[in-house]
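Q: Please take a close look at the interface between the two chains of this model, and describe what each kind of contact contributes there.

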2 protein chains.
Amino acid sequence: MTSAPTAEPPARRKGPTGWSILEGQTEEAPQVQPFKAIDPSRGEPLPIGYHSATPEQVDRACRAAWVALHEVRRRSPEHRAGLLEAIAANILELGPSLINVAAQETGLPEQRLLAERERTTGTLLRFAEVVREGSWVRAAIDRADPERQPRPKPDVRRVLRSLGPVAVFGASNFPLAYSTMGTDAASALAAGCPVIIKGHPLHPGTGELVAWAVVDALQATGFPQGMFAFLHAGGQREKAIGEELVKHPFVRAAGFTGSQAGGTALADLARARPDPIPFFAEMGSTNPAFLLPSAAASQGEAVAHLLTESITAFAGQQCTRPGLLFMIDNEDASKVLNELTRRFNTLPDQVMLAPRIRDAYLRRVLGWAGVEGVELKTDPKRLATPRAKDGSAPKGPVSGAAALLRTTSSTFLSNDTLHDEVFGPAVLVVLCPDERAMANAAASIQGTLTASMFFAADDRNTARRLVSVLEHRAGRIVFNGVPTGVEVCEAMVHGGPFPATNRPDTTAVGPLALERWCRPVAYQNGPGALLPPELRDDNPAGIRRRVDGKWRSGPLSDDEA
Amino acid sequence: MTSAPTAEPPARRKGPTGWSILEGQTEEAPQVQPFKAIDPSRGEPLPIGYHSATPEQVDRACRAAWVALHEVRRRSPEHRAGLLEAIAANILELGPSLINVAAQETGLPEQRLLAERERTTGTLLRFAEVVREGSWVRAAIDRADPERQPRPKPDVRRVLRSLGPVAVFGASNFPLAYSTMGTDAASALAAGCPVIIKGHPLHPGTGELVAWAVVDALQATGFPQGMFAFLHAGGQREKAIGEELVKHPFVRAAGFTGSQAGGTALADLARARPDPIPFFAEMGSTNPAFLLPSAAASQGEAVAHLLTESITAFAGQQCTRPGLLFMIDNEDASKVLNELTRRFNTLPDQVMLAPRIRDAYLRRVLGWAGVEGVELKTDPKRLATPRAKDGSAPKGPVSGAAALLRTTSSTFLSNDTLHDEVFGPAVLVVLCPDERAMANAAASIQGTLTASMFFAADDRNTARRLVSVLEHRAGRIVFNGVPTGVEVCEAMVHGGPFPATNRPDTTAVGPLALERWCRPVAYQNGPGALLPPELRDDNPAGIRRRVDGKWRSGPLSDDEA
């Protein structure tokens with residue numbers, strides 16, 4: 001029993017409605033038990049009840065996306081660029097109400113959310129440029145030679161074509177930049193794919209507000225509303241909605257940012273389909289940092305300062321924050337360790353995103369601390385999980401203390417648990433007897449989004465050796481700096497070997513992200529009228545193409561001149 | 001118990017030794033029971049005994065590859081291009097002995113093998129050009145801006161880096177172009193990856209001869225022999241060798257051409273590793289052809305001729321040969337069907353690659369014929385599997401007859417078995433009541449390497465509709481032509497949705513194939529001495545790079561001028 005779509009919900013400009021958005025409209029499906037977001041700064045539920053999408057709504061969103069895909073097939077890249085720009089403008093237009101809702105739902109500070117909003121709209125605008133410029137489709141043309149012996153050479157043309165509807169699973173820790181219109185959704189829309197958002201239950205209001213910005217942009221730019229759907233997903237339905245999306249025949253790809261367990265389970269479902277679909281998961285990452293001996297001697301204090309900030313900013317809830325620090329075990333390292341310990345001990349507890357994230361953080365830090373050969377350097381009393389008398393989470397801020405632990409490279413090598421990510425403001429300092437042991441430890445780490453290296457002139461040989469190891473383990477290698485604060489630029493790689501991601505051949509940030517939602521299709525001896533515009537002789541958009549092995553931007557006739 | 005490596009096996013120029021090649025030398029491991037290749041034109045085993053690699057040899061090949069990877073890390077692309085060219089020259093230098101061995105082991109005719117050899121060496125030479133030109137690594141540089149507010153912009157540079165040792169599983173049906181130095185092995189070497197070949201048991205001599213050509217080329221160009229290993233794999237060890245390779249910690253990617261069952265099983269193993277590796281499998285493909293009504297009326301006979309040749313050439317054992325033909329059910333289609341039947345019935349039996357391939361072919365054709373609503377139009381008596389009195393395969397040619405079957409689109413839609421590939425000279429003609437039914441049937445096919453469409457001017461609207469469907473199902477769409485005879489060119493896509501491949505975002509043919517063996521790595525604020533040459537300010541190879549969002553080929557200083 002589903003009520004008729006609400007025409008133009010009058011409440012929507014004032015705040016989230018609590019209902020999923022299908023084809024541009026809320027749709028009430030009252031049989032579903034609502035869930036509520038938590039304000040982690042108070043440890044109390046926020047007032048709005050959110051209604052998870054029903055199976056029928058999931059199905060309808062996917063069908064509408066499939067229809068929309070075909071409707072927009074002939075739209076120009078210019079048109080799509082305009083949509084991305086309109087979305088960016090509409091997100092900005094939400095003004096403080098968006099920032100306030102996001103702050104309430106996540107406990108993240110306003111300054112951080114403003115920066116995240118800028119990153120989100122900046123990504124949309126950059127992708128608009130990429131789409132408008134057009135050559136991201138990697139068009140290639142090899143012309144026919146009917147005279148060739150022993151058999152004629154056919155005309156073969158290739159271009160990237162979008163896969164179809166994309167399901168996006170946003171992250172808890174970036175309610176804007178990796179969520180409803182974060183980099184996955186923005187790159188999928190830029191590539192011409194309809195997008196279906198599985199809303200994150202930790203920030204449903206933020207997600208819904210951004211979704212309305214998209215709905216209005218579709219309307220303003222004349223796109224079918226089937227290009228986008230926003231499905232609230234919390235409580236008992238959360239997991240099922242994810243599974244229904246990944247299994248739906250009209251969903252042709254999915255992007256996920258979250259836990260290794262969740263990402264792996266959904267990736268398995270995607271692969272078990274009769275027609276497996278690509279599933280791009282960004283999961284856990286330890287982001288090791290290496291402080292080489294000369295740098296430890298000459299810049300130890302400065303590095304300790306930088307690292308403390310990078311590890312603990314936003315309660316350590318950034319996917320690129322360093323979780324491991326490797327040093328050669330000597331006096332300089334002891335000084336750095338002491339300085340880090342001093343700094344960590346002076347940090348106040350910080351509000352974390354949600355009770356379950358805070359509890360998992362504390363559990364895992366204590367798990368590390370319980371390993372023989374690992375020493376907790378910060379105050380263990382601050383790591384007790386707060387519990388009310390009945391065992392439930394108590395009222396009050398959902399907060400966690402920063403934690404610093406130390407161990408040796410031999411203990412690190414022999415304990416798998418020390419290789420797993422701890423999501424929160426913790427670091428494990430690993431002391432290595434010598435540079436060879438440090439290189440061995442580097443070779444043993446799990447795949448990671450980033451690896452950082454602090455070195456001075458005398459460390460050059462060790463640095464070189466480490467680079468050759470880390471190139472096999474990390475998506476990005478940072479020299480004399482911290483990996484947090486991902487620069488959104490063309491050369492950025494936000495990806496890495498498993499478990500950082502399950503598809504290290506791609507990046508979630510930068511223009512290469514568009515290619516994830518496409519595959520190459522070749523057309524042999526195709527008549528112009530049946531070819532995608534990017535492959536036509538006249539090259540209407542003037543994009544750069546490979547023509548007979550050379551780069552060309554004009555129509556084919558000009559190339560011959 | 002393994003004997004010492006043979007220094008320079010004197011027999012090797014005369015023919016295959018029967019032993020695996022590790023680090024440039026044969027190595028006898030006599031505990032393994034030898035297997036023999038079959039001459040399918042006589043149905044009898046060939047004289048040489050081949051010794052499957054031992055687990056210890058598999059392990060050693062992988063370790064040697066890992067060492068070699070690091071040894072060649074600083075070699076220039078020029079050096080690598082020279083290796084590819086030397087391999088191509090050495091393969092040609094094997095002369096008629098290679099062609100003779102391949103013909104004996106596969107039953108394929110000399111002309112076809114000569115063409116295949118040309119394609120193989122042509123691919124090596126093209127990849128050498130790609131490597132020498134250098135821009136395939138997709139280098140991108142975003143320069144720093146220390147003055148930027150609110151925080152400085154870092155220097156970020158990105159390039160594709162090779163993954164490491166690649167295991168290659170060659171195909172039964174292309175003993176040269178998809179085997180020991182086929183497109184997978186050639187693209188992996190071109191990308192800088194050591195290669196370990198799992199030899200195909202149906203053409204072990206061909207594989208070993210090509211392997212010696214590689215060994216000599218490594219020697220001549222000064223590469224470490226660990227860059228390449230050739231492992232004989234047959235009999236009881238065949239499956240285990242594949243599994244050992246895919247699970248080995250030093251194998252970092254694999255390429256496979258073969259059956260859906262084999263590819264899927266190995267892909268599962270690759271994914272189940274603690275550190276999953278990319279596994280690129282090309283598997284089964286039905287390669288549907290669509291004959292639209294005006295074309296059936298005006299060119300029916302010519303299309304019947306073309307299709308007969310494409311379907312049955314080399315006993316239908318080509319991955320791109322059409323296995324399904326869709327027509328609108330009318331008088332013109334009847335004429336085409338009759339013409340095809342007439343042609344199929346006049347074809348002599350052809351030698352197939354091996355008894356098990358022939359037997360599977362016959363079994364699957366008869367499986368199709370047994371589906372209610374499917375009619376076998378060719379002589380059923382010619383499809384009986386020959387058996388000796390004791391039930392074993394009899395002596396004499398391993399041959400199979402071409403088969404043509406007809407059904408309706410409704411039968412096709414309701415029988416999954418009719419959607420599976422039949423590997424051999426068979427085609428299922430699917431008659432559709434109208435163009436809508438044809439489009440629905442097209443939407444229902446499995447993912448495929450190719451789809452072909454014959455149309456005349458009046459078919460334009462139907463053709464357009466079909467293209468929009470087939471873009472979601474095929475890697476290549478062929479207009480008014482047949483899909484066999486893959487053109488090796490830059491724009492070619494040899495790939496497609498599952499089960500044609502498990503990675504439709506890539507192609508096994510053309511320069512994009514190199515990217516499969518790489519992933520992007522970013523370097524943030526890296527000093528020149530620690531960067532890959534492609535990312536250095538001076539751009540020593542003068543490759544095309546994206547610099548601050550623009551294409552540049554010079555050193556960075558020149559770009560600023």
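A: In this predicted model, the rule finds 14 salt bridges across the interface of chain B and chain A. A salt bridge links the side chains of Glu471(B) and Arg73(A), with 2.8 Å from N to O. Beyond the salt bridges, polar contact between chain B and chain A amounts to 40 residue pairs, counted where both residues are at pLDDT 80 or more.

On the side of chain B that touches chain A, the elements giving two or more residues are the helices α1 (55–71) and α14 (460–470), together with the strands β5 (140–142), β6 (156–162), β20 (474–479) and β21 (518–524), each of chain B. Of that side, β21(B) supplies the largest share, with 7 residues. Sorted by class, the side of chain B that touches chain A holds 37 nonpolar, 25 charged and 12 polar residues.

The strand β21(B) also takes part in pairing between the chains, for β22 of chain A, which covers residues 474–479, pairs with β21(B) in the parallel sense over 3 bridges. Within this pairing, Val478(A) has Gln524(B) of β21(B) as its bridge partner.

As for the extent of the interface as a whole, 74 residues from chain B and 74 residues from chain A enter the contact. Between them, chain B and chain A bury about 6300 Å², of which 52% lies on carbon and sulfur atoms.

Note on methods
Residues are numbered from 1 along each chain as its sequence is written. Chains are lettered from A and ligands numbered from 1 in the order in which they are written. This is a predicted model: local features need pLDDT of at least 70, side-chain atom pairs count only at pLDDT 80 or more; totals for chains, interfaces and linings use all residues. Side-chain values use heavy atoms; hydrogens and water are left out. Contact means heavy atoms within 4.5 Å. Buried area is the accessible area (1.4 Å probe) that two parts lose on being put together, summed over both. A salt bridge is a side-chain nitrogen of Lys or Arg within 4 Å of a carboxyl oxygen of Asp or Glu. A polar contact is a pair of N or O atoms within 3.5 Å; within protein, one must be able to donate a hydrogen and the other to accept it, and residues adjacent in sequence count only if both atoms are side-chain atoms. Helices (H or I, at least four residues) and strands (E, at least two) are DSSP runs, numbered from the N terminus. Ala, Val, Leu, Ile, Met, Phe, Trp, Tyr, Cys and Pro count as nonpolar, Asp, Glu, Lys and Arg as charged, and the others, Gly among them, as polar. Two strands pair if DSSP finds at least two bridges between them.
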